[in-house]
Amino acid sequence: RRAAARERQTILAATADLRATATTMRGFFLADPNELSLLAYVEQFAAGDDLAKRIMYRLRGGNDRLPERMARALDAPVRLRHVARRIVQNKSSVRITVENTRGRRTEIASDYAIVAVPAPLAAEIQYAPALPAAQRDALARLRYGRATKTLLQFDRHAWRRPGRPRACATDLDIGAVWDSSEEQRGPRGILTLLAGGSASDATKAMLAAEGAERVAGQLGFFGVRRARLIASRSISWEDDRWARGAYAF
């Protein structure tokens, strides 16, 4: 009986640990464990790919330099604040109807069109001829993760101490945390938080109730107690009408 009791305790302990591990993965999959197929976890762990050991790269001067460079290489200027409403295709060309912020529609003629928008937005475009049924079904069914990314700037990077990590995944409502200014000089530092799945909802609730100070208050374990919060910025991708989620899961 005592052996059976110890076995039950071991199973309960392992279950709790496994549950915490699965919850921690919200910051990676941007979905809660009950929203994911178990195959997603099996594939991730079977690959033996340690995310913490990947080499990370950043663009010097900021990520926006990449789309800016691509835009300069185009033959025509990029039309900002225009929405694609309809794509008509024949054997030799396409015609794309776009709408500006004033509701005025114009037509663009081209050799081809590349639709590179999130599935919910792609599904709202009218296509002639219509897309195949399987493709329409895929656009309707594909689910995107909820994700709130919060940047917190502190007057000092108190978390940078020998032996302490500069990035971690957590099962807390704030999600994953990492030092996003480690290549920058100066005393100030920025932490980025990525809350996925239900953690996104929880982070938004914290921000709405008590602001960024409440979120920063969850980072005592990361070593920020001696630092003062001086600026913050947060965005929830599921609330962005032109995204409606982060990436697909």
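Which residues form a nonpolar patch on the surface? In this predicted model, the patch consists of L59, L66 and M70. Together they present about 300 Å² of accessible area. L66 belongs to helix α4, which covers residues 65-72.

The interior was examined next. The largest nonpolar core contains 17 residues. Those with the most contacts inside this core are L152, F154, I174, V177, L191, L193 and L219. Three elements give two or more residues to the core: β5 (147-154), β8 (189-196) and α8 (212-216). Of these, α8 gives the most, with 3 residues. L193 illustrates the packing. Leaving aside residues up to four places away in sequence, L193 touches T148, K149, T150, L152, I174, A176, V177, V215 and L219. A second core is separate and has 11 residues. Among them are A122, I125, L131 and Y144.

Y144 also appears among the contacts of G245. When residues up to four places away in sequence are not counted, G245 touches Y144, G145, W237 and E238. G245 sits in the segment after β9 (229-236). Its relative accessibility is 4%, so G245 counts as buried. In sequence, G245 and P120 are 125 residues apart. In space, their C-alpha atoms are 9.4 Å apart.

Aromatic contacts were then considered. A pair of aromatic rings is described by the distance of the centres and the angle of the planes. The structure holds 3 aromatic pairs. One of them joins F28 and F29 in an edge-to-face arrangement. Their ring centres are 5.0 Å apart, with 75° between the planes. The two residues differ in exposure: F28 is partly exposed at 27% relative accessibility, whereas F29 is buried at 13%. The cut-off for buried is under 20% relative accessible area. F154 and W159 form another edge-to-face pair. Here the centre-to-centre distance is 5.7 Å and the angle between the planes is 75°. Both F154 and W159 are buried. F154 is also one of the residues with the most contacts inside the largest core.

Charged side chains form 17 salt bridges. One of these links D32 and R146, with an N to O distance of 3.3 Å. D32 lies in the loop between α2 (26-29) and α3 (38-46), and R146 in the loop between α6 (133-141) and β5, so the bridge ties together parts that are 114 residues apart in sequence. D32 is buried, with a relative accessibility of 10%. R146 is partly exposed, at 23%.

K204 and D239 form another bridge, their closest N and O atoms being 3.1 Å apart. K204 lies in helix α7 (residues 198-210) and D239 in the segment after β9, so this pair ties together parts that are 35 residues apart in sequence. K204 is partly exposed at 24% relative accessibility. D239 is exposed at 53%.

The side chains of E210 and R214 also meet in a salt bridge, at 3.2 Å from N to O. E210 has 52% relative accessibility and counts as exposed. R214 is partly exposed, with a relative accessible area of 30%. Some bridges share partners. Through them, R26, D32, E35, R143, R146 and D201 are joined into one network.

The backbone was inspected last. Most residues other than glycine have a negative phi, and most peptide bonds are trans. Several sites depart from this pattern. A cis peptide bond joins A128 and P129, with omega about 0°. P129 is placed in the loop between β4 (126-128) and α6. L30 has a positive phi, near 60°, and is not a glycine. L30 is found in the loop between α2 and α3. That loop also holds D32. At 1% relative accessibility, L30 is buried. R81 likewise has a positive phi, of about 55°, without being a glycine. The place of R81 is in the loop between α4 and β1 (83-89). R81 is exposed, with 69% relative accessibility.

Definitions and conventions. Residues numbered from 1 in each chain as written. Predicted model: local features only at pLDDT ≥ 70, side-chain atom pairs only at ≥ 80, totals over all residues. Heavy atoms only, no water. Patch = residues over 30% accessible without salt bridge, like charges linked within 9 Å, V, L, I, M, F, W, Y side chains within 5 Å. Areas by Shrake-Rupley, 256 points an atom, 1.4 Å probe, with all protein chains shown as cover. Salt bridge = Lys/Arg side-chain N within 4 Å of Asp/Glu carboxyl O. Helix = DSSP H or I, 4+ residues; strand = E, 2+ residues; numbered from the N terminus. Phe/Tyr/Trp six-rings, centres within 6.5 Å; stacked < 30°, edge-to-face > 60°. Buried < 20%, exposed > 50% of the residue type's maximum accessible area, 1.4 Å probe, protein only. Core = buried A, V, L, I, M, F, W, Y, C linked by side-chain atoms within 4.5 Å. Contact = heavy atoms within 4.5 Å.
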